[in-house]
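Subject: Structure handover

Hello,

Here is the structure we spoke about, for you to look over. My notes on the pockets, one strand and the cysteines follow it.

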Amino acid sequence: MAEPTIQLGGGNWAGKTDNLLGYYKKGERFYKQDFTFSRSTTGTYTDKDGYIQEMPYNLLQQSNDFDTTWGTSSVTISSGKSGYNGTNNAWSLNSSSEGYLFQYLTNETSNTLSIYAKAGSVNNIRLRFFGTSNGEGYFNLSNGTKGTTSGLANSSIENVGNGWYRCNISINTTISLVRIYPSVSSSSSSGTNGFVYIQNAQVNSGTSAKTYFPTTTRLNMPRVDYLNNSNGSLLIEPQRTNLLTYSEDFSNSYWTKSGASVTSSIVSPDGTTNAYKLVEDTSNSNHQVYRNTVTTTGSFSNTIFVKAAERSKIRLNSGSSSESVSFNLSNGTIISQTGATGKIVSMLNGWYKCTISWNVTSTAAQYLLLGILDDSGNASYTGNGSSGVYIWGAQFEVGAYETSYIPTSGSTVTRVAETCSQTPASGVIGQTEGVLFAEFSVFDIVSNIKAISLVKSSSPTSNAVILYYFGNRIAFDILNPSGTVSVITNITNALQLNKVALKYKSGDIALWFNGVEIVTRTNTISLSGLDKLEFDFTTGNGFYGKIKQLQVYKTALTDTQLATLTTI
């Protein structure tokens, strides 16, 4: 079978700011193909280890461009130095009178600062956190030992070769500023005049340093999600806003606790110790936490991450008993749902993502309300004052289905819609014949067309090959000067992962779905000028879902090849 001229995913994922890297293969060699990617905000995803992470997880901007968003105080910096990784991307940091390099953060909680460093004219480096409480650590770069530390949860130094070390400090409080100092000793930087070499700074959530993730503005970075999928899928979502302004801090008075209280507790789905336990009191009543969010009509979705403690059953509702879903956290099932649709997804370490989605046509107050149920499933019962469930990461969004988690800490936060496209070199997209193949799932069967297309960018409405979902139907359009070829056919599993291939050739058109040829056409077509692949068609038909893999062939494939390609 001929090699695809464009490939994306299939377990081979790489990305950088403003780009998602596809590839093609010649012989045994792979060559990259840049896809243009845009979101203009950060977003979250589930990493390979099962934890929810922000993309990118490095919370610093310009992580190795120290002359940009970084501030300086009595230091000078110089680029082009030989680095630990064989590049010339390291910097010298030269201090006079206890100078330092710094960058502000936005009230980040429980983090690790790491940087690669090498001794210069002085042998030590000092790393500092500032925030709710302060912490610092010194590191001797001549012998790879730790010096004085204070206020830290953890610190370490790792030899990476050629005189370079990776130095790390961790703290469990909210931080707003990091500083990096050259130092004359392992206990004081006072009076320092001299330099050290530095490279690749990072702040990440948690109490250990993650693999270095380079950043520029931290925006427009594609997300590959590994939730229940070891090969990963590109996540493309519409714009959504989390209307809850404190999505994680359930101790805040923003959240009303009725018949219950909260205590700080365990590691959450993002890998840090920031989850709470919702504890029932001893009253004979409901035991719940809730927040009134909006008063209006429409479609809404509430999501919260929950884990069983002494109690293993909960109920989510909209604030009205007419819309509710009950969940069993011991086996990950829905017990009942009334006037709403529920969804439960297994996460790491016994956590579940629980969702309730509903629609209302009469103006009323809409809530996120989580209530503990007793072992018999009762919402009102006499509590024992100690039992409860663990909770983290609440989200209230306007929409008929839930999207990925959007963390907030004092204001609502919007994740902008994602777009993805590629304009390859001439000859990559087949003009008179070819195949467009994708393995993907969509998020809903309610909203508008979700399209993947090959188009002539200057006149897409007269030269295009379009594959799309619409409701519980899969369809294609071939727009060409010889006329339009359109097919719509019903399917039953649009929300599941499917493999779909559209073969286009004059007199030989076919749609394959999960190993079966479901539509054929013999229309004459005369396409030309196809020069762009996009997860959309024109404007307003953006594809939103998960793409496990995508391939484009510049020649038509045989039935046997198409059956093999699309078989689940």
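The lining of the largest pocket is made up of 25 polar, 13 nonpolar and eight charged residues. Please keep in mind throughout that this is a predicted model. The pocket has a volume of about 1300 Å³. In total 46 residues line the largest pocket, and those nearest its centre are Thr106, Asn107, Glu108, Pro407 and Ser409. Six strands give two or more residues each to this lining: β5 (43–46), β6 (52–55), β8 (90–119), β13 (164–183), β14 (193–205) and β30 (413–415). Strand β8 accounts for the largest share, with eight residues.

The second largest pocket holds about 970 Å³ of space. Its lining has 38 residues, and Lys343, Val345, Glu402, Phe443 and Lys546 are the closest to the centre. By class, the lining of this second pocket divides into 16 nonpolar, 14 polar and eight charged residues. At least two lining residues come from each of β5, β16 (233–236), β26 (341–346), β27 (351–373), β32 and β41. Of these, β26 gives the most, namely four residues. Strand β5 is thus on the list for the largest pocket and on the list for the second largest pocket.

Two of the strands that line the second pocket, β32 and β41, are also paired with each other. Eight bridges connect them, and the two run antiparallel, with β41 covering residues 545–553. Within this pairing, Val442 has Gly545 of β41 as its bridge partner. On β37 (residues 498–505), β32 has another antiparallel partner, again joined by eight bridges. There, Val500 of β37 stands opposite Ala438.

How much of β32 is buried? The strand spans residues 433–442, and nine of its 10 residues fall under the 20% cut-off for relative accessible area, so β32 is largely enclosed by the rest of the structure.

Lastly, the cysteines. The structure holds zero disulfides. Cys167 has 0% relative accessibility and therefore counts as buried. Cys354 also counts as buried, because its relative accessibility is 0%. Going by residue number, Cys167 falls within β13 (164–183), a strand that contributes to the lining of the largest pocket, and Cys354 falls within β27 (351–373), which contributes to the lining of the second largest pocket.

Regards

Technical notes. Residues numbered from 1 in each chain as written. Predicted model: local features only at pLDDT ≥ 70, side-chain atom pairs only at ≥ 80, totals over all residues. Heavy atoms only, no water. Buried < 20%, exposed > 50% of the residue type's maximum accessible area, 1.4 Å probe, protein only. Pairing = 2+ DSSP bridges. 1 Å grid on protein atoms, 1.4 Å probe; cavity = no way out; pocket = protein on both sides within 12 Å on 5 of 7 lines; lining within 4 Å. Points joined across faces, edges and corners; volume = space filled by probe spheres on them. Nonpolar A, V, L, I, M, F, W, Y, C, P; charged D, E, K, R; others polar. Disulfide = S-S within 2.5 Å.
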